[in-house]
Amino acid sequence: MVCPNCGAEMKEGTLFCINCGTRIGNEPGDYKIVVTRPKKLFGVAISFKILIDGVEIGRLTNGISLERMVTEGSHIVTIKSLEKTLEQEVILNDEHKEVELSVSIGFGVVAGRPKINSVTYK
Ligand SMILES: [Zn+2]
């Protein structure tokens with residue numbers, strides 16, 4: 001992940017930037033957001049940048065999942081592919097402690113557009 005203030009690279013799950021001290025993301029809670037990209041031969045080379053509440057959690061290529069523990073409440077999941085951006089709000093509470101977003105790539109006039117296939121609350 002990358003500090004949104006100074007751009008320093010740091011370990012996954014770090015709460016404060018080791019370079020500038022900016023708080024990065026929420027305290028991890030009992031709630032989980034999982035972003036999955038099913039294995040497909042389509043668009044293998046195009047990776048998505050995944051952000052949760054504006055903080056990059058990693059890059060998603062075909063056949064992998066990224067997950068992050070979060071606090072209760074509303075969170076914004078951002079999926080970026082090249083210059084195309086897609087945002088999805090998810091709300092976690094006692095009834096739904098986990099949400100899984102399945103994303104893929106949409107082809108057509110604009111190749112490489114990120115697409116959300118499903119949002120499943122558990
Ligand atoms: Zn920083």
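Which residue stands opposite Val35 in strand 4? Select Val35 and strand 4 together: the residue opposite is Leu66. Strands here are DSSP runs of E of at least two residues, and helices are runs of H or I of at least four residues, both numbered from the N terminus.

The model is predicted, and local features need pLDDT of at least 70, side-chain atom pairs count only at pLDDT 80 or more, and totals for chains, interfaces and linings use all residues. Residues are numbered from 1 along each chain as its sequence is written.

**The whole chain**

Begin with a cartoon view of the protein, which has 0 helices and 8 strands. From the N terminus on, the elements run β-β-β-β-β-β-β-β. The radius of gyration is 15 Å, close to the 14 Å that the globule rule gives for 122 residues, so the protein is as compact as a globular protein of that length. That radius is taken over C-alpha atoms, and the globule rule is 2.2 Å times the number of residues to the power 0.38. Oriented along the principal axes, the C-alpha atoms fill a box of roughly 40 × 35 × 20 Å.

Colour next by burial. A residue is buried if 20 or more other C-beta atoms lie within 10 Å of its own, exposed if 12 or fewer, and partly exposed in between, with C-beta atoms placed from the backbone. Buried residues make up 22% of the 122 residues. Contacts, for which the C-beta atoms placed from the backbone must lie within 7 Å, may be displayed as well. Among contacts between residues at least 6 apart in sequence, 49% join residues at least 24 apart.

**The sheet 4-1-7-8**

Select strands 4, 1, 7 and 8. They form an open sheet in the order 4-1-7-8, with mixed pairing; two strands pair if DSSP finds at least two bridges between them. Strand 4 (65-70) and strand 8 (113-121) stand at the edges, each with a single partner strand, so one side of each is left without a neighbour in the sheet. The twist averages 20° from one strand to the next; axes are lines fitted to C-alpha atoms, for helices over the stretch in contact, and angles run from 0 to 180 degrees between N-to-C directions.

Restrict the view to strand 1 (residues 31-36) and strand 4, which run antiparallel and are joined by 6 bridges. The pair Val35 and Leu66 belongs here.

**The sheet 3-2-5-6**

Now select strands 3, 2, 5 and 6, an open sheet of 4 strands in the order 3-2-5-6 with antiparallel pairing. Its edge strands are strand 3 and strand 6, each of which pairs on one side only. Neighbouring strands of this sheet are turned by 20° against each other on average, direction ignored.

Centre on strand 2 (residues 48-52), where 4 of the 5 residues are buried. Strand 2 pairs with strand 3 (residues 55-60) in the antiparallel sense over 5 bridges, and Phe48 has Leu60 as its bridge partner in strand 3. Strand 2 also pairs with strand 5 (residues 73-81), again antiparallel, over 4 bridges; there, Ile52 has Val77 as its bridge partner.

Move on to strand 5 and strand 6, an antiparallel pair with 9 bridges. Gly73 stands opposite Leu92 in strand 6.

**The nonpolar core**

Which residues touch the most other members of the largest nonpolar core? Of its 20 residues, these are Ile33, Val35, Ile50, Ile52 and Val77. Such a core is a set of buried Ala, Val, Leu, Ile, Met, Phe, Trp, Tyr and Cys residues joined through C-beta atoms within 7 Å. Two or more residues each come from strand 1, strand 2, strand 3, strand 5, strand 6 (84-92) and strand 7 (98-106). Strand 2 gives the largest share, 4 residues.

Show Ile50 with its surroundings: not counting residues up to four places away in sequence, Ile50 touches Val35, Ile57, Gly58, Leu60, Leu66 and Ile79.

**Two loops**

Return to strand 2 and strand 3, which form a hairpin with 2 residues between them. Asp53 lies in this loop, and its phi is near 55°, a positive value in a residue other than glycine. Asp53 is partly exposed, with 18 other C-beta atoms within 10 Å.

Finally, select Glu83, in the loop between strand 5 and strand 6. Is Glu83 buried or exposed? Glu83 counts as exposed, with 6 C-beta neighbours inside 10 Å. Add Arg113 to the view: Glu83 and Arg113 are 30 residues apart in sequence and 8.9 Å apart in space, C-alpha to C-alpha.

Technical notes: Contact = placed C-beta atoms within 7 Å.
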